[in-house]
Amino acid sequence: MHSNRTLLRVEALEARTTPNVGPIPAGGGNVQAYLSGGNLYIIGDAGDNSLALWNVTPNAIRIQGGAGTTINGSSTALTFALGAGKSVFINLRGGDDFIVLGDNTADSDTRSLAILGNLRIDLGAGDNTVGLENLFVGGTTTIRAGVGDDTVDIDTTLGSPTYLRRNLTVSLNDGTNTVTGSTFGVGGNVSITTGADDDTITLANATIARNLLIAANDGLNAITVSDSDVDGNITRISTGVDDDNILLNGSDFKRLFVLAGDGDNTVDVGQAGDGVTAVSVNVTTGTGVDTVNITDSDFTHASSVSTGDGDDTVTVSGSNFDGGLTADGGAGTGDTFNGLDSSFGNNGSFTLFFFETTI
């Protein structure tokens, strides 16, 4: 079982566990790029802008458009000398835009990008894709998108993991959105929010120095956090109405909160042989037929499960509750709690309310 750690550390990448966003596709439109006060500004148009950014020297950023996208009216790559400690601001406006920071248009996996200041990306409405690859950002990192089916991929393909030194904020509007992060570190808070529709959020081998907030709105959402460390006091994962699947495994947390809205939800805290460690866990679900499983996991303080109205099933196995577990089945005639019998291999005290069947 993992132990809580306070040092920011990401394991070196041996094999890519999730694919990056790949080569830059053909696009359109014209992108204006210019320096002001040492900062780099990149402004798109209503076309489907497609572009890549990477370092050619430690302070020089090259920008190249995909086929059909020009930079300052030119089809050739342009290079800008970013001022010391300065920021990059990107606003691509409307259209189905595609941008990769930290690789070239051909997806060579040999490039990287360092920004010592802040990074802000505004995508506007449309079906947009952002790849953060082999990237260092010294300040805050912010990604925003309007309505559309958006993809945000945080990925490492070189030996040094992507590292965002301060807060990371990803805010996506309505649409079928995908946020994927693999082998990366964040030195501040991480906040990921999505709008209505079916969203997928997957974090793997992430080290987060402060708090983690994931908030998915209505829709059939799938949220997974695996093999990760969250060193801040709070991890909060919430979903809106509809049938959601939340899986947490192989990870270390402090205070862990899972809140699933109305719908037939499945919440897995740990899996067989791949549990989680936390100070405490609190799982709350709304109205619906919910399934909550806590498996091979350790908690040092008082924890709770509350499943709301509906015929719900809570199964606890192979887990340690040093501060005890309180479980409330809510209204309904078919709530079941599995875990009291010694065959389930649990340690700690259990306090149960409104379960018709207990094993």
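Start in the largest nonpolar core of this predicted model: it has 72 residues, and the ones with the most contacts inside it are Ile 63 and Leu 119. Select those two and keep them highlighted. Next, color strand S19, residues 200-208, which gives this core its largest share, four residues. A second core lies apart from it, with five residues, among them Ile 24, Ala 52, Phe 98 and Val 100. As background for this stop, nonpolar side chains tend to be buried together in soluble globular proteins.

**Around Ile 63**

Stay on Ile 63 and show its surroundings, leaving out neighbours within four places in sequence. On the lower-numbered side, Ile 63 is in contact with Ala 33, Leu 40, Ile 42, Leu 51, Ala 52 and Leu 53. On the higher-numbered side, the contacts of Ile 63 are Ile 71, Ala 77, Leu 78 and Phe 80. Ala 52 is worth a click here, being on the contact list of Ile 63 and also one of the residues in the five-residue core.

**Zoom out**

Switch to a cartoon of the whole chain. How many helices and strands come up? The protein has zero helices and 36 strands. The radius of gyration is 22 Å, close to the 21 Å from the globule rule for 359 residues, so the protein is as compact as a globular protein of that length. Turn the C-alpha trace along its principal axes and you get a span of about 70 × 35 × 30 Å.

Now color by burial: 51% of the 359 residues count as buried. With a surface on, the protein exposes about 13500 Å², and carbon and sulfur atoms supply 48% of that. For contacts between residues at least 6 apart in sequence, 44% join residues at least 24 apart.

Then color by charge. There are 15 positive and 43 negative charges, and their mean positions are 19 Å apart.

**Two residues in strands**

Select Thr 178, in strand S17 (residues 178-186). Is Thr 178 buried or partly exposed? Its relative accessibility is 27%, so Thr 178 counts as partly exposed. Beyond its neighbours within four places in sequence, Thr 178 is in contact with Asp 150, Thr 151, Val 152 and Thr 200. Draw a C-alpha to C-alpha distance from Thr 178 to Asp 149: the two are 29 residues apart in sequence and 8.0 Å apart in space.

Jump to Ala 278, in strand S27 (residues 277-278). Ala 278 counts as buried because its relative accessibility is 2%. Setting aside residues up to four places away in sequence, Ala 278 touches Phe 253, Lys 254 and Leu 256, along with Asp 298, Phe 299 and Thr 300. Thr 235 sits 43 residues from Ala 278 along the chain, and their C-alpha atoms are separated by 9.9 Å.

**A run of aspartates**

Asp 107 comes next, in the loop between strand S8 (98-101) and strand S9 (113-115). Check its backbone: phi is positive, about 60°, although Asp 107 is not a glycine. Asp 107 counts as buried, at 18% relative accessibility, which lies under the 20% cut-off.

Move to Asp 197, in the loop between strand S18 (190-194) and S19. What is phi of Asp 197 near? It is near 100°, a positive value in a residue other than glycine. Asp 197 has a relative accessible area of 37%, so it is partly exposed.

Now pick Asp 252, in the loop between strand S24 (245-249) and strand S25 (255-260). Is Asp 252 buried or exposed? With a relative accessible area of 1%, Asp 252 is buried. For a longer ruler, connect the C-alpha atoms of Asp 252 and Pro 161: they are 19 Å apart in space and 91 residues apart in sequence.

The last stop is Asp 155, in strand S14 (residues 151-155). Asp 155 also counts as buried, at 1% relative accessibility. From Asp 155 to Gly 94, 61 residues apart along the chain, the C-alpha separation is 25 Å.

Key:
Residues are numbered from 1 along each chain as its sequence is written. This is a predicted model: local features need pLDDT of at least 70, side-chain atom pairs count only at pLDDT 80 or more; totals for chains, interfaces and linings use all residues. Side-chain values use heavy atoms; hydrogens and water are left out. The radius of gyration is taken over C-alpha atoms; the globule rule is 2.2 Å times the number of residues to the power 0.38. Buried means under 20% relative accessible area, exposed over 50%, partly exposed in between (1.4 Å probe, protein chains only). Contact means heavy atoms within 4.5 Å. Accessible areas come from the Shrake-Rupley method with a 1.4 Å probe; for residues, only the protein chains shown count as cover. Lys and Arg count as positive and Asp and Glu as negative; His and the chain ends are not counted. The place of a charge is taken as NZ of Lys, CZ of Arg, CG of Asp or CD of Glu. A nonpolar core is a set of buried Ala, Val, Leu, Ile, Met, Phe, Trp, Tyr and Cys residues joined through side-chain atoms within 4.5 Å.
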